[in-house]
Amino acid sequence: MEWFSYIADIIGIGGAIFALFAWIQSFQLRKEIAREQRRQHKKITVVLQHGSEDLELPVELRRAELTRAEVLGRLGMIPMKTKGQRFALDYLHTPAFLHQINQISESDEDAILTIPCKSEEFTQFDMGMQRGSR
């Protein structure tokens with residue numbers, strides 16, 4: 001029966017070591033999740049830019065919301081000079097646009113999504129919104 005006591009002691013020690021390892025892993029995982037949540041809540045500003053003029057969308061996106069569809073939806077909310085017209089921005093159909101979204105999605109800091117526009121693209125929007133120069 002003495003060997004049964006040794007086996008129980010070994011199982012107890014093994015269980016304690018396993019529990020300590022699991023606790024350490026859980027702590028590290030919790031820290032990583034908190035860091036990722038902070039990263040996903042960073043603000044992304046969307047700016048339409050033509051030369052030195054820019055038009056900043058009034059509501060920032062969180063990094064977690066940064067998708068092509070969300071950007072297009074937010075752009076669609078900007079009032080147009082011609083009522084009922086849909087906006088047209090050539091840059092949105094380029095690989096550079098998707099690359100810029102991916103690059104911002106993978107970064108850790110607040111960022112600005114800059115959408116370069118031609119003159120006619122920039123002036124299609126009703127500029128009653130925030131307008132500035134950079």
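**Figure 1. Aromatic pairs in the predicted model.** Searching the whole structure turns up four aromatic pairs, and this view of the predicted model shows two of them. In one pair, the ring centres of tryptophan 3 and phenylalanine 4 lie 6.1 Å apart with their planes at 85 degrees, so the rings meet edge-to-face. Both tryptophan 3 and phenylalanine 4 are exposed. In another pair, tyrosine 91 and phenylalanine 97 bring their ring centres to 5.9 Å, with planes at 75 degrees, so this pair is edge-to-face too. Here the setting is a buried one: tyrosine 91 is buried, and phenylalanine 97 is buried as well.

**Figure 2. Arginine 39 and its partners.** Follow helix 1, which spans residues 2-40, and you will come to arginine 39. Is arginine 39 buried or exposed? Its relative accessibility is 12%, and because buried means under 20%, arginine 39 counts as buried. The side chain of arginine 39 reaches out to the backbone oxygen of serine 105, at 2.7 Å. Setting aside neighbours within four places in sequence, the residues in contact with arginine 39 are Arg63, Ser105, Glu106, Ser107 and Asp108. Arginine 39 also has a salt-bridge partner, glutamate 36, with the closest N and O atoms 3.0 Å apart. Glutamate 36 and arginine 39 are both in helix 1, three residues apart, which is about one turn of the helix. While arginine 39 is buried, glutamate 36 is partly exposed, with a relative accessible area of 26%.

**Figure 3. Salt bridges, one in helix 1 and others in a network.** Side chains of opposite charge can pair when their charged atoms come close. How many salt bridges does the model have? The count comes to six. One of them joins the side chains of glutamate 32 and arginine 35, at 3.2 Å from N to O. These two, glutamate 32 and arginine 35, sit three residues apart in helix 1, so about one helical turn separates them. Glutamate 32 is partly exposed at 40% relative accessibility, and arginine 35 is partly exposed too, with a relative accessible area of 34%. Elsewhere, arginine 62 forms a salt bridge with glutamate 65, where the closest N and O atoms are 3.6 Å apart. Arginine 62 has a relative accessible area of 27% and is partly exposed; glutamate 65, at 25%, is partly exposed as well. Through salt bridges that share partners, Arg62, Glu65, Glu70 and Arg74 are joined into one network.

**Figure 4. The buried side of helix 2.** Take a look at helix 2, residues 68-76, where Val71, Leu72, Arg74 and Leu75 are buried. Why do these residues lie on the same side of helix 2? They cover an arc of only 160 degrees around the axis, and that puts them on the same side. What do the buried residues of helix 2 pack against? Their packing partners are strand 1, strand 3 (61-62), helix 3 (95-106) and strand 4 (111-116).

**Figure 5. Strand 1 and its two neighbours.** Strand 1 (residues 43-50) and strand 2 (residues 53-56) run antiparallel and are joined by four bridges. Leucine 48 stands opposite leucine 55 of strand 2. The two strands, strand 1 and strand 2, make a hairpin with two residues between them, and glycine 51 in the turn has a positive phi of about 60 degrees. Strand 1 also pairs with strand 4: six bridges join them, and here the strands run parallel. Among these pairings, threonine 45 has isoleucine 112 of strand 4 as its bridge partner.

**Figure 6. Two faces of strand 4.** In a regular strand the side chains alternate between the two faces of the sheet. Which residues of strand 4 point to one face and are buried? They are Ala111, Leu113 and Ile115, whereas Ile112, Thr114 and Pro116 point to the other face and are not buried.

**Figure 7. Isoleucine 17 in helix 1.** For a last stop, return to helix 1, where isoleucine 17 is found. Isoleucine 17 is exposed, with a relative accessible area of 55%. Its C-alpha atom is separated by 43 Å from that of leucine 66, and isoleucine 17 and leucine 66 are 49 residues apart along the chain.

Key. Residues are numbered from 1 along each chain as its sequence is written. This is a predicted model: local features need pLDDT of at least 70, side-chain atom pairs count only at pLDDT 80 or more; totals for chains, interfaces and linings use all residues. Side-chain values use heavy atoms; hydrogens and water are left out. Two strands pair if DSSP finds at least two bridges between them. Buried means under 20% relative accessible area, exposed over 50%, partly exposed in between (1.4 Å probe, protein chains only). A polar contact is a pair of N or O atoms within 3.5 Å; within protein, one must be able to donate a hydrogen and the other to accept it, and residues adjacent in sequence count only if both atoms are side-chain atoms. Contact means heavy atoms within 4.5 Å. A salt bridge is a side-chain nitrogen of Lys or Arg within 4 Å of a carboxyl oxygen of Asp or Glu. The arc is that of the directions from the helix axis to the C-beta atoms. Rings of Phe, Tyr and Trp (its six-membered ring) pair if their centres lie within 6.5 Å; planes under 30 degrees apart count as stacked, over 60 as edge-to-face and the rest as tilted.
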